[in-house]
Amino acid sequence: MPRSASAKTRQRETRGSTASFHSGSHLSQLLSFYRSVRETSEYLAESLSDGDATAQSMPDASPAKWHLAHTTWFFETIVLNAFSSAYCVFDEKFNFLFNSYYNSIGARHPRPKRGLLTRPSLDEIYAYRAHVDEGMARLVESGVSPAAVELIELGCHHEQQHQELLLTDILHLFAQNPLRPAYKSAAPLVVEPNGANELAFVAMPGGLIDVGHDGKGFAFDCEGPRHKTFVEPFRLADRLVTNREWIEFIEGGGYQNPLLWLSDGWAKVLAEAWMMPLYWDERDKGNYWTMTLRGAQPVDPAAPVCHISYFEADAYATWVGRRLPTEFEWEYAARDVMRAGNFLDSERLRPRPAPVGGNGVRQIYGDVWEWTRSAFSPYPRFKPAAGAVGEYNGKFMCGQFVLRGGSCVTPASHMRPTYRNFFPPEARWQFSGLRLAEDA
């Protein structure tokens, strides 16, 4: 069964930990980080039944049981099999069941059919995790090479990605259930005062800037190499677009006006009958509710709009006569902002209104991932890593758009100003919203 009693505490203890562990004196810290990440995953899954953890609500989502197993498969396959001669594989069949998209490693179970894996049971997956955790502890405590350290650290951040996916996928699953079950307490959250009031824009002078990760601490391969790019002067909204503003878009005919939409976006509106963000419904005229990880809740007008696609974000920006920022504009604006916000660690599990007071941009981190108008493409001089991990990001650099800033279900220690999330433009089940920009 899950070893989750201390996961919440450990999750908070490791908050903000993004250091790399490249010297022998830091191996105990690496093992502590590894354990905290692993325990947090089990803490997030502890309230789920075997049925909850097995079902798959759509091809783009995965069962919670699969997330728990796949992240374990990564450590077993990528780390232990390569660096521990004493390690014994838990079950040879798991390599087929829990490989995600690593073609160089071998055949795999089809992604759309992950929900058919009623066996192995959830208890067997926890046994698998415990077996791999024991092997990882022995490996790290015996001393590991720099190459192994880099892969272990990658695996920890990979698992943090899956912690967020586990929650987004559970929300989508529960939203299909007419009982509208709550992942956490369904008690209504306190509606906080909205300090945003009228939207304001902060002037950004731009210029020739450095973007991308500087090589200090951990980063995914797609965050570099660091390079220079020129940013024209622009203005960036001081907060995220709110539900109140989005309701004006709905009631102003935004979803009925093809002149606002990109061609592919309008095709989606027609094909899927989009009329409002994913999970919203209108119970009475102007009375909007939304499905959340705390069950069905009234839409908080002051909170950021969430669960919208790139197409919707772009249409809204067109409607108000603005645009989405580029990812480089976003990174430029975030460069000196403290990395703090409403992340998973707060356990709110829902976006919150912009904080009251202060100058400059707010909500730059947390609450919702912010769509940018930038395609997910390689930076200058980017080269995929050698071996299987070279499949991690590089092969997805086509047909995706970049999101920045993290969300209310992103682990705080996972976030950096250079972090590049990416999804196809029609994706809505992620905690995604928008911030407006305009030319100076």
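Me: Two strands count as paired if DSSP finds at least two bridges between them. What makes strand β6 and strand β7 a pair, and in which sense do they run?

Reply: The model is a predicted one, in which local features need pLDDT of at least 70, side-chain atom pairs count only at pLDDT 80 or more, and totals for chains, interfaces and linings use all residues. Residues are numbered from 1 along each chain as its sequence is written, and side-chain values use heavy atoms, with hydrogens and water left out. Strands are DSSP runs of E of at least two residues, helices runs of H or I of at least four, numbered from the N terminus. Between β6 (residues 287-292) and β7 (residues 295-298) there are 4 bridges; the criterion asks for at least two, so the strands pair. They run antiparallel, Trp 289 faces Pro 298 in β7, and a hairpin of 2 residues connects β6 to β7.

Me: Why are β10 and β11 said to stand at the edges?

Reply: The open sheet has 4 strands in the order β10-β9-β8-β11, with mixed pairing. β10 (421-423) and β11 (432-433) each have a single partner strand, so one side of each lacks a neighbour in the sheet.

Me: How do you know that strand β8 and β11 pair?

Reply: DSSP gives 2 bridges between β8 (residues 369-375) and β11, in the parallel sense; the criterion is therefore met. Glu 370 lies opposite Gly 433 in β11.

Me: Which strands are the edge strands of the sheet β1-β4-β12?

Reply: This open sheet of 3 strands has antiparallel pairing. β1 (201-204) and β12 (437-439) are its edge strands, as each pairs on one side only. From one strand to the next, the twist averages 25°. β1 meets strand β4 (residues 234-237) over 4 bridges in the antiparallel sense, with Phe 201 opposite Ala 237 in β4.

Me: Why is α4 called roughly parallel to α6?

Reply: Angles are taken between N-to-C directions, from 0 to 180 degrees, with axes fitted to C-alpha atoms, for helices over the stretch in contact. Helix α4 (residues 64-83) and helix α6 (residues 122-141) cross at roughly 30°, their axes coming within 10 Å. Angles under 35 degrees count as roughly parallel, over 145 as roughly antiparallel, 65 to 115 as roughly perpendicular and the rest as oblique. The value falls in the first of these classes, which makes α4 roughly parallel to α6.

Me: Which residues in α4 and α6 meet?

Reply: Contact means heavy atoms within 4.5 Å. Among the residues that meet are Trp 73, Phe 75 and Phe 83 in α4, and Tyr 126, Val 132 and Met 136 in α6.
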